[in-house]
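Here are some worked exercises to try on the model below. Have a go at each task before reading its solution.

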Amino acid sequence: MEDSRQKLYISMYHYTRDLKHSRYPGIKGLDIPLFRQQLDFFRDNFNVVTMEQVIDSAEGRSRLPDNALLLTFDDGYADNYTYALPLLEEYGFQGSFFIPGKTFAEHRLLDVNKIHYILAAADHKKLAADLKEKMDRYRGAEYDFPPTDELWAQYGIDGRFEGAEPTFVKRMLQTVLPERLRNIISSELFEKYMGVSEEVLAYELYMTEDMIRTLRRHGMFIGLHGYDHYWLGNLPEDKMREDIEKALSVMDEFIDRDRWVMNYPYGSYNDGVLSFIRQKGACIGLTTEVRVADLAADKPLELPRLDCNDFPPKSENYKKDGVIYEKK
Ligand SMILES: [Zn+2]
(Lines give C-alpha, C1' and ligand atoms only; values in the text may rest on other atoms or scores of the structure.)
Protein backbone atom coordinates (compact mmCIF):
# COMPACT_ATOMS: atom_id res chain seq x y z
CA MET A 1 0.00 0.00 0.00
CA GLU A 2 1.25 3.44 -0.83
CA ASP A 3 2.28 5.51 2.12
CA SER A 4 -0.16 8.41 2.37
CA ARG A 5 2.09 10.30 4.77
CA GLN A 6 4.14 13.22 3.53
CA LYS A 7 6.99 13.28 5.96
CA LEU A 8 9.03 16.44 6.20
CA TYR A 9 12.14 16.75 8.33
CA ILE A 10 12.66 20.40 9.29
CA SER A 11 16.06 21.24 10.75
CA MET A 12 16.32 24.36 12.91
CA TYR A 13 19.48 26.47 13.17
CA HIS A 14 20.36 29.50 15.26
CA TYR A 15 23.98 30.70 15.41
CA THR A 16 26.18 29.13 12.73
CA ARG A 17 29.79 30.21 13.23
CA ASP A 18 33.43 29.29 13.52
CA LEU A 19 33.15 28.98 17.30
CA LYS A 20 36.83 28.42 18.05
CA HIS A 21 37.77 31.64 16.31
CA SER A 22 34.89 33.73 17.53
CA ARG A 23 34.83 36.35 20.26
CA TYR A 24 32.43 34.36 22.45
CA PRO A 25 33.22 30.64 21.98
CA GLY A 26 30.73 29.84 24.78
CA ILE A 27 27.78 30.88 22.62
CA LYS A 28 25.53 27.91 21.85
CA GLY A 29 25.84 27.58 18.10
CA LEU A 30 26.60 25.03 15.42
CA ASP A 31 30.30 24.98 14.65
CA ILE A 32 31.00 25.38 10.95
CA PRO A 33 33.08 22.19 10.45
CA LEU A 34 30.12 20.26 11.91
CA PHE A 35 27.68 22.17 9.70
CA ARG A 36 29.64 21.05 6.64
CA GLN A 37 29.56 17.43 7.85
CA GLN A 38 25.83 17.76 8.37
CA LEU A 39 25.30 19.08 4.85
CA ASP A 40 27.30 16.10 3.50
CA PHE A 41 25.00 13.83 5.45
CA PHE A 42 21.90 15.57 4.08
CA ARG A 43 23.19 15.39 0.51
CA ASP A 44 23.71 11.63 0.87
CA ASN A 45 20.53 10.74 2.79
CA PHE A 46 17.83 13.36 2.18
CA ASN A 47 16.17 15.44 -0.50
CA VAL A 48 16.54 19.04 0.56
CA VAL A 49 13.38 20.86 -0.58
CA THR A 50 12.51 24.54 -0.94
CA MET A 51 9.86 26.39 1.05
CA GLU A 52 7.98 26.88 -2.22
CA GLN A 53 7.77 23.07 -2.57
CA VAL A 54 6.53 22.80 1.01
CA ILE A 55 3.84 25.42 0.38
CA ASP A 56 2.72 23.64 -2.81
CA SER A 57 2.48 20.31 -0.98
CA ALA A 58 0.68 21.80 2.00
CA GLU A 59 -1.87 23.29 -0.39
CA GLY A 60 -2.27 19.98 -2.25
CA ARG A 61 -0.75 20.97 -5.60
CA SER A 62 2.13 18.51 -5.43
CA ARG A 63 3.77 15.85 -3.30
CA LEU A 64 7.08 16.07 -1.51
CA PRO A 65 9.86 13.66 -2.49
CA ASP A 66 10.76 10.89 -0.02
CA ASN A 67 13.05 11.95 2.82
CA ALA A 68 12.20 15.59 2.26
CA LEU A 69 14.18 17.97 4.43
CA LEU A 70 13.84 21.74 4.95
CA LEU A 71 16.57 23.96 6.44
CA THR A 72 15.40 26.83 8.67
CA PHE A 73 17.50 29.58 10.26
CA ASP A 74 16.01 31.62 13.11
CA ASP A 75 16.72 35.16 14.34
CA GLY A 76 18.53 36.85 11.42
CA TYR A 77 22.13 36.42 12.58
CA ALA A 78 24.89 37.83 10.39
CA ASP A 79 26.84 34.60 10.91
CA ASN A 80 24.14 32.82 8.87
CA TYR A 81 25.07 35.16 6.04
CA THR A 82 28.84 34.89 6.56
CA TYR A 83 29.09 31.13 7.06
CA ALA A 84 25.86 29.37 6.12
CA LEU A 85 25.02 31.11 2.84
CA PRO A 86 28.28 30.18 1.03
CA LEU A 87 27.90 26.54 2.10
CA LEU A 88 24.24 26.39 1.10
CA GLU A 89 25.23 27.71 -2.31
CA GLU A 90 28.02 25.17 -2.61
CA TYR A 91 25.59 22.30 -1.93
CA GLY A 92 22.75 23.81 -3.96
CA PHE A 93 20.40 23.86 -0.95
CA GLN A 94 17.82 26.50 -0.14
CA GLY A 95 17.70 27.87 3.40
CA SER A 96 14.68 29.66 4.91
CA PHE A 97 15.60 32.62 7.11
CA PHE A 98 13.25 34.00 9.77
CA ILE A 99 14.15 37.49 10.82
CA PRO A 100 12.70 39.52 13.72
CA GLY A 101 11.90 42.99 12.34
CA LYS A 102 13.58 44.91 15.13
CA THR A 103 17.02 43.46 14.38
CA PHE A 104 17.45 45.20 11.02
CA ALA A 105 14.87 48.01 11.30
CA GLU A 106 16.26 49.40 14.58
CA HIS A 107 19.60 47.61 15.07
CA ARG A 108 18.68 46.95 18.67
CA LEU A 109 19.61 43.90 20.64
CA LEU A 110 16.75 41.47 21.32
CA ASP A 111 16.41 40.35 24.94
CA VAL A 112 16.90 36.75 23.80
CA ASN A 113 20.39 37.62 22.51
CA LYS A 114 21.30 39.76 25.49
CA ILE A 115 20.64 36.70 27.61
CA HIS A 116 22.59 34.33 25.31
CA TYR A 117 25.63 36.57 25.49
CA ILE A 118 25.44 37.02 29.24
CA LEU A 119 25.21 33.23 29.58
CA ALA A 120 28.24 32.83 27.31
CA ALA A 121 30.28 35.31 29.34
CA ALA A 122 29.28 34.57 32.95
CA ASP A 123 29.66 31.68 35.38
CA HIS A 124 26.15 30.18 35.48
CA LYS A 125 25.96 29.64 39.24
CA LYS A 126 27.13 33.18 39.94
CA LEU A 127 24.76 34.58 37.34
CA ALA A 128 21.73 32.75 38.75
CA ALA A 129 22.63 33.99 42.26
CA ASP A 130 22.99 37.53 40.92
CA LEU A 131 19.61 37.35 39.23
CA LYS A 132 17.87 35.99 42.35
CA GLU A 133 19.34 38.83 44.40
CA LYS A 134 18.08 41.40 41.90
CA MET A 135 14.63 39.80 41.87
CA ASP A 136 14.44 40.11 45.66
CA ARG A 137 15.65 43.70 45.49
CA TYR A 138 13.10 44.78 42.86
CA ARG A 139 10.13 42.88 44.26
CA GLY A 140 7.74 45.34 45.90
CA ALA A 141 5.29 48.08 45.13
CA GLU A 142 6.17 48.60 41.46
CA TYR A 143 6.91 45.02 40.45
CA ASP A 144 4.91 42.14 41.75
CA PHE A 145 5.79 38.49 41.14
CA PRO A 146 5.96 35.23 43.12
CA PRO A 147 8.70 34.49 45.69
CA THR A 148 12.10 33.59 44.24
CA ASP A 149 12.12 30.11 45.89
CA GLU A 150 8.80 29.28 44.29
CA LEU A 151 10.00 30.41 40.84
CA TRP A 152 13.25 28.48 41.24
CA ALA A 153 11.29 25.31 42.10
CA GLN A 154 9.14 25.78 39.00
CA TYR A 155 11.73 26.93 36.46
CA GLY A 156 15.11 25.83 37.82
CA ILE A 157 14.97 22.58 35.86
CA ASP A 158 17.25 21.06 33.26
CA GLY A 159 16.45 22.19 29.72
CA ARG A 160 16.84 20.22 26.53
CA PHE A 161 20.51 20.99 25.99
CA GLU A 162 21.44 22.79 29.21
CA GLY A 163 21.33 22.79 32.99
CA ALA A 164 18.95 24.28 35.57
CA GLU A 165 20.68 27.67 36.02
CA PRO A 166 20.66 28.76 32.36
CA THR A 167 17.08 27.51 31.97
CA PHE A 168 16.01 29.55 35.00
CA VAL A 169 17.83 32.70 33.84
CA LYS A 170 16.28 32.43 30.37
CA ARG A 171 12.73 31.90 31.62
CA MET A 172 12.88 34.74 34.16
CA LEU A 173 14.29 37.21 31.65
CA GLN A 174 12.34 36.08 28.59
CA THR A 175 8.84 35.82 29.91
CA VAL A 176 8.22 35.33 33.65
CA LEU A 177 9.19 38.67 35.21
CA PRO A 178 7.24 41.84 34.29
CA GLU A 179 8.46 43.10 30.90
CA ARG A 180 9.82 46.44 32.07
CA LEU A 181 11.77 44.77 34.87
CA ARG A 182 13.12 42.13 32.48
CA ASN A 183 14.61 44.91 30.35
CA ILE A 184 16.14 46.62 33.39
CA ILE A 185 17.72 43.46 34.82
CA SER A 186 18.93 42.21 31.41
CA SER A 187 20.64 45.53 30.80
CA GLU A 188 22.22 45.57 34.26
CA LEU A 189 23.57 42.05 33.82
CA PHE A 190 24.72 42.85 30.29
CA GLU A 191 26.68 45.84 31.56
CA LYS A 192 28.22 43.83 34.39
CA TYR A 193 29.32 40.80 32.38
CA MET A 194 29.93 42.07 28.82
CA GLY A 195 32.68 44.45 27.80
CA VAL A 196 30.79 45.90 24.84
CA SER A 197 27.81 48.21 24.34
CA GLU A 198 24.46 46.77 23.33
CA GLU A 199 24.43 48.91 20.20
CA VAL A 200 27.82 47.79 18.92
CA LEU A 201 26.93 44.16 19.53
CA ALA A 202 23.61 44.58 17.71
CA TYR A 203 25.39 45.86 14.60
CA GLU A 204 27.85 42.98 14.82
CA LEU A 205 25.23 40.31 15.45
CA TYR A 206 22.40 40.82 12.96
CA MET A 207 22.05 40.87 9.18
CA THR A 208 21.49 44.24 7.53
CA GLU A 209 18.71 44.86 5.02
CA ASP A 210 21.27 44.60 2.23
CA MET A 211 22.30 41.14 3.40
CA ILE A 212 18.67 40.01 3.56
CA ARG A 213 18.18 41.33 0.03
CA THR A 214 21.26 39.38 -1.07
CA LEU A 215 19.91 36.18 0.48
CA ARG A 216 16.79 36.54 -1.64
CA ARG A 217 18.79 37.20 -4.80
CA HIS A 218 20.60 33.93 -4.10
CA GLY A 219 17.34 31.97 -4.01
CA MET A 220 16.90 31.83 -0.25
CA PHE A 221 13.46 32.14 1.39
CA ILE A 222 12.64 34.88 3.92
CA GLY A 223 9.90 34.60 6.52
CA LEU A 224 8.47 36.25 9.65
CA HIS A 225 9.73 35.78 13.20
CA GLY A 226 7.77 38.56 14.92
CA TYR A 227 9.00 42.12 15.37
CA ASP A 228 10.26 42.17 18.95
CA HIS A 229 10.73 38.39 19.28
CA TYR A 230 8.02 38.12 21.96
CA TRP A 231 6.31 34.99 23.29
CA LEU A 232 3.26 35.74 21.13
CA GLY A 233 1.07 33.20 22.91
CA ASN A 234 1.55 35.06 26.22
CA LEU A 235 0.79 38.58 24.93
CA PRO A 236 -2.54 40.41 25.27
CA GLU A 237 -4.41 40.20 21.93
CA ASP A 238 -3.79 43.84 20.96
CA LYS A 239 -0.04 43.66 21.66
CA MET A 240 0.22 40.38 19.74
CA ARG A 241 -1.51 41.92 16.71
CA GLU A 242 0.61 45.05 16.91
CA ASP A 243 3.83 43.00 16.94
CA ILE A 244 2.79 40.97 13.88
CA GLU A 245 1.57 44.05 11.99
CA LYS A 246 4.89 45.79 12.64
CA ALA A 247 6.79 42.71 11.46
CA LEU A 248 4.69 42.49 8.28
CA SER A 249 5.27 46.13 7.51
CA VAL A 250 9.11 46.08 7.79
CA MET A 251 9.32 42.67 6.05
CA ASP A 252 7.05 43.75 3.20
CA GLU A 253 9.79 43.83 0.58
CA PHE A 254 10.95 40.30 1.38
CA ILE A 255 7.67 38.36 1.56
CA ASP A 256 4.53 37.61 -0.43
CA ARG A 257 1.77 39.26 1.63
CA ASP A 258 -0.78 36.75 0.35
CA ARG A 259 1.29 33.68 1.15
CA TRP A 260 3.90 34.19 3.86
CA VAL A 261 5.47 31.90 6.42
CA MET A 262 5.43 32.45 10.18
CA ASN A 263 7.98 31.12 12.62
CA TYR A 264 6.76 31.62 16.22
CA PRO A 265 9.48 33.04 18.51
CA TYR A 266 10.13 30.46 21.26
CA GLY A 267 7.49 28.32 19.53
CA SER A 268 4.85 30.32 21.44
CA TYR A 269 1.38 30.78 19.92
CA ASN A 270 -2.31 30.24 20.71
CA ASP A 271 -5.65 30.19 18.86
CA GLY A 272 -5.73 34.00 18.71
CA VAL A 273 -2.31 34.06 17.01
CA LEU A 274 -3.37 31.35 14.55
CA SER A 275 -6.57 33.04 13.46
CA PHE A 276 -4.90 36.46 13.18
CA ILE A 277 -2.02 35.29 10.97
CA ARG A 278 -4.37 33.18 8.84
CA GLN A 279 -6.48 36.28 8.21
CA LYS A 280 -3.28 38.20 7.34
CA GLY A 281 -2.17 35.71 4.68
CA ALA A 282 0.11 33.23 6.47
CA CYS A 283 0.14 29.81 4.82
CA ILE A 284 2.76 27.92 6.86
CA GLY A 285 3.67 28.17 10.56
CA LEU A 286 6.73 26.67 12.20
CA THR A 287 6.71 25.66 15.86
CA THR A 288 9.35 24.24 18.21
CA GLU A 289 7.50 21.00 18.90
CA VAL A 290 10.21 18.39 18.40
CA ARG A 291 9.20 15.69 15.92
CA VAL A 292 9.12 14.94 12.20
CA ALA A 293 6.31 16.77 10.37
CA ASP A 294 3.73 15.05 8.18
CA LEU A 295 2.12 17.43 5.67
CA ALA A 296 -0.77 14.99 5.17
CA ALA A 297 -1.75 15.08 8.86
CA ASP A 298 -0.25 18.15 10.57
CA LYS A 299 -1.95 21.52 10.39
CA PRO A 300 0.06 23.76 8.02
CA LEU A 301 0.24 26.57 10.58
CA GLU A 302 1.61 24.23 13.26
CA LEU A 303 4.46 22.25 11.73
CA PRO A 304 6.88 20.65 14.20
CA ARG A 305 10.64 20.85 13.71
CA LEU A 306 13.82 19.11 14.79
CA ASP A 307 16.92 20.83 16.07
CA CYS A 308 20.14 20.63 14.04
CA ASN A 309 21.50 18.71 17.05
CA ASP A 310 18.97 15.96 16.28
CA PHE A 311 20.93 15.01 13.13
CA PRO A 312 24.44 13.64 12.58
CA PRO A 313 27.16 14.41 13.40
CA LYS A 314 25.49 15.46 16.70
CA SER A 315 22.96 12.63 17.19
CA GLU A 316 20.59 10.17 15.52
CA ASN A 317 17.44 11.54 17.19
CA TYR A 318 15.84 12.19 13.80
CA LYS A 319 15.21 8.43 13.47
CA LYS A 320 12.83 8.38 16.45
CA ASP A 321 9.10 8.09 15.85
CA GLY A 322 6.67 10.41 17.60
CA VAL A 323 7.50 13.28 19.91
CA ILE A 324 11.25 13.45 20.53
CA TYR A 325 11.24 16.05 23.30
CA GLU A 326 8.50 17.68 25.32
CA LYS A 327 9.01 21.24 26.59
CA LYS A 328 8.24 21.50 30.30
ZN1 LIG B 1 14.00 33.11 17.63
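**Exercise 1. Work out which spacing along the chain the donors of the zinc ion follow, and which residues they are.**

Step 1: the donors follow the pattern D-x149-H-x3-H, where a donor is an N, O or S atom within 2.8 Å of the metal (3.2 Å for Na, K and Ca); water is not among the atoms, so a site may look incomplete.

Step 2: put names to the pattern. The protein donors are Asp75 (OD), His225 (NE2) and His229 (NE2), lying 2.1 Å from the zinc ion.

Step 3: place two of them. Asp75 sits in the loop between β5 (68-74) and α3 (78-91), and His225 in the loop between β7 (221-224) and α12 (237-251), so this pair ties together parts that are 150 residues apart in sequence. Helices (H or I, at least four residues) and strands (E, at least two) are DSSP runs, numbered from the N terminus.

Step 4: check accessibility. Asp75 counts as buried at 2% relative accessibility, and His225 is buried at 2% too. Buried means under 20% relative accessible area, exposed over 50%, and partly exposed in between (1.4 Å probe, protein chains only).

A word on the ground rules: this is a predicted model, with residues numbered from 1 along each chain as its sequence is written, and side-chain values use heavy atoms, leaving out hydrogens and water. Local features need pLDDT of at least 70 and side-chain atom pairs count only at pLDDT 80 or more, while totals for chains, interfaces and linings use all residues.

**Exercise 2. Find what Thr103 touches and whether it is buried or exposed.**

Step 1: Thr103 lies in helix α4 (residues 101-105).

Step 2: leaving aside residues up to four places away in sequence, Thr103 touches Asp75, Arg108, Leu110 and Tyr206. Contact here means heavy atoms within 4.5 Å. Asp75 is also one of the zinc donors.

Step 3: a polar atom of the Thr103 side chain lies 2.7 Å from the backbone oxygen of Pro100.

Step 4: with a relative accessible area of 0%, Thr103 is buried.

**Exercise 3. Describe how domain 1 and domain 2 meet.**

Step 1: domain 1 covers 7-107 + 206-226 + 287-319, and domain 2 covers 111-200; the bounds come from an automatic or database domain assignment.

Step 2: their C-alpha centres lie 28 Å apart. The contact takes 13 residues from domain 1 and 9 residues from domain 2.

Step 3: the two domains bury about 970 Å² between them, 55% of it on carbon and sulfur atoms. Buried area is the accessible area (1.4 Å probe) that two parts lose on being put together, summed over both. In domain 1, Tyr15, Tyr24 and Ile27 lose the most area to domain 2, together 41% of what that side buries.

Step 4: count the salt bridges between the domains, and you get 1. A salt bridge is a side-chain nitrogen of Lys or Arg within 4 Å of a carboxyl oxygen of Asp or Glu.

**Exercise 4. Work out which parts the salt bridge of Glu165 and Lys125 ties together.**

Step 1: the side chains of Glu165 and Lys125 meet at 3.5 Å, N to O.

Step 2: Glu165 lies in helix α8 (residues 164-176) and Lys125 in helix α6 (residues 124-138), so the pair ties together parts that are 40 residues apart in sequence.

Step 3: Glu165 is buried at 17% relative accessibility, whereas Lys125 is exposed at 60%.

Technical notes: Polar contact = N/O pair within 3.5 Å; in protein donor to acceptor, adjacent residues only side chain to side chain.
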